[in-house]
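Biologist: Please take one part of this model and go through it closely. I would like to know what sits beside what, and which parts are covered.

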Amino acid sequence: MRRPRTVGAVLGALATVVASAGLVLGSGAGAQAAATAATPLPAHVFAPYFEAWNGDSPAALSQASGAKYLTMAFIQTQARGSCTPYWNGDAGTPIASSEFGADFTTIRSRGGDVIPSFGGYAADNGGTEIADSCTSVDSIAAAYEKVITTYDVSRLDMDIEDNSLENSAGIDRRNKAIKKVQDWAAANGRSVQISYTLPTTTSGLAESGLAVLENAVSNGAKVDLVNLMTFDYYDGASHNMAQDTQTAITGLKGQLAGLYPSKTDAQLWGMTGIIEMPGIDDYGPAETFTTADATQVYNWAVSKGVSTLSFWALQRDNGGCPGTGGSDTCSGIAQDTWYFSHTFAPFTSGGSGPVTDDYSVAVTPASATVAPGGSATATVKTAVTSGSAKTVALTTSGAPAGVTASLSPASVTAGGTSTLTVSTSASAAPGTYTINVTGASGTLSHSAPYTLTVSGPGGGTGSLVNGGFETGSLGPWTCESGGAVVSTPVHGGTHALAAAATSSQTGECTQTLTLAPNTKYTLQGWVQGNYGYLGVRGGASASTWGSSSGYAKQSVAFTTGTSGTVTVYLHGWYGQGTVYGDDLSVTS
């Protein structure tokens, strides 16, 4: 996956010895273990990713969510140059029945199974994806066979992205090792499928991903399935995530037709897989996969005969952090816990649809700026997404002190509309707030956010809005990918700003203000992290920086120009990690 994730000793030693002899496990312990060949997966299966590093029980969350099949992330080496696979590259979690073995047995007893996944962003970025790390094709094949026989699985997934897409030697070794494993499996009467998980554009694989499959064809390695990560497009555009999934997978199907010209349309669709990221992905709000998107993608995938439906990740399938992007533990949108799992689960059995009598809720326009004492209106739209129209009761939540939000009518039949009226008192505090409009019908509940900005004196002139981030959301700040409002660490209150500096970006977060022209001001705030920069540009230019393991106060004096307009910014520095800011203000 895109986000930077961390992806017995006797068996590890055996793999090393075998590799040094130029052998694969098909001639020894692996061949004996192959006698208990695993049952192949269903032709159409829902298998969300499970984050294997956080101490959760796969069996427990499988049962709680209703996801009978799981994709286990990730397997990688501990360090560059190693040929020994571990869960998450951690020598403390080897490929052994003592690690997850009991959970996998329990999952199978309930009619499900698991798909171990090699690679992931952290491994591909750090050189610990096994085919990048290990230069012996035999040793790589031995590692694959070790996972297959230890856990008795019928499919391995190769999550290849970032640097691994440019490592031509690693690509070639991986596909040669896959061919060896497939020959070993055939000789031992074992069914083994190989899937590739690759990043995508909205029209299919980029050239780098297509080259991985072309190399597989040239090496005689059979690819049973290609999963596209239909999120993190990194193109700076706003996305209709359901529609973009359809165009991406349709493009992939065409690319597969060029690689496998003898396959029928049905067979080509059966080689495609979809991986979503529910809610706000780690690129940001422009890529938000909604509950309504889930239903649309489900129905389309069923109609086309797509093979696998998945998402990153099972632990995200709850609404515990509204407005937060890219969290590993929640979706960032208002949703029922396990909503996406329950919607996608019938895909495994080829059910007729995820939910009967379902609907969606949207607010248009989705935001407004209002001066204290003013008001704004918006239209709440509902629509039938499956089944028949039901009565939907509408309510609002999240309005701050001095703001009222009302709906007329307060109940509609799905497909109908209501008017949202937001009114502010003269004493309403300036800031940006999220008001949620929720539609409930029976046990179903869907929400849509409405962003209200209460302007400061003169319509916002002269005030830094949401400098303490206590609204719980970014607006009106904008950030580079990964920027978010967080609950820890904070300087004051319960929230702070996180600017996500990486090897390729400073993580800058900005807000543009119109101040009095030709006037002296002071920007100040509390900053934590390495190389944290606080400053202004545009109509003035001034900045300061510091490095601190705890919050330290920073102050910048500046004088506005003739326009009075400046852009306030906070950012870190390349490769130095996340920088945090809190209690930011501009005073004259």
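Modeller: This is a predicted model, and one contact can be noted before the close look: Lys263 lies over the face of Tyr260, at 5.9 Å from the ring centre.

The part to examine is strand 8, residues 225–229. Of its 5 residues, 5 are buried, so strand 8 is largely enclosed by the rest of the structure. In a regular strand, side chains alternate between the two faces of the sheet. Here Leu225, Asn227 and Met229 point one way, while Val226 and Leu228 point the other way. Both sets are buried.

Next come the neighbours of strand 8. Strand 7 (residues 193–199) runs parallel to strand 8 and is joined to it by 5 bridges. Within this pairing, Thr197 has Asn227 of strand 8 as its bridge partner. Strand 9 (residues 272–276) also pairs with strand 8 in the parallel sense, over 4 bridges. In that pairing, Asn227 has Gly273 of strand 9 as its bridge partner. Asn227 is thus a bridge partner of Thr197 and of Gly273.

The chain connection adds to this picture. Helix 9 (residues 207–218) belongs with strand 7 and strand 8 to a β-α-β unit, and this unit is right-handed.

For contrast, consider the aromatic rings. A pair of such rings is described by the distance of the centres and the angle of the planes. The whole structure holds 24 aromatic pairs. One of them is formed by Trp53 and Trp312, which are stacked at 6.2 Å centre to centre with 25 degrees between the planes. These two residues are 259 residues apart, so the pair links distant parts of the chain. Trp53 lies in the loop between strand 2 (49–51) and helix 3 (58–65), and Trp312 in the loop between strand 12 (308–311) and helix 13 (339–344). Trp312 is buried, with a relative accessible area of 0%, whereas Trp53 counts as partly exposed because its relative accessibility is 28%.

A second stacked pair is formed by Tyr533 and Trp545, at 6.0 Å centre to centre and 25 degrees between the planes. Tyr533 is in strand 26 (residues 520–538) and Trp545 in strand 27 (residues 542–559), 12 residues apart. Tyr533 is buried at 19% relative accessible area; the cut-off for buried is under 20%. Trp545, at 48% relative accessibility, counts as partly exposed. Both residues belong to one aromatic cluster with Tyr531, Trp573 and Tyr574.

How values were computed. Residues numbered from 1 in each chain as written. Predicted model: local features only at pLDDT ≥ 70, side-chain atom pairs only at ≥ 80, totals over all residues. Heavy atoms only, no water. Phe/Tyr/Trp six-rings, centres within 6.5 Å; stacked < 30°, edge-to-face > 60°. Buried < 20%, exposed > 50% of the residue type's maximum accessible area, 1.4 Å probe, protein only. Lys NZ or Arg CZ within 6 Å of the ring centre and 35° of its normal. Pairing = 2+ DSSP bridges. Right-handed = clockwise from strand over helix to strand, strands pointing away.
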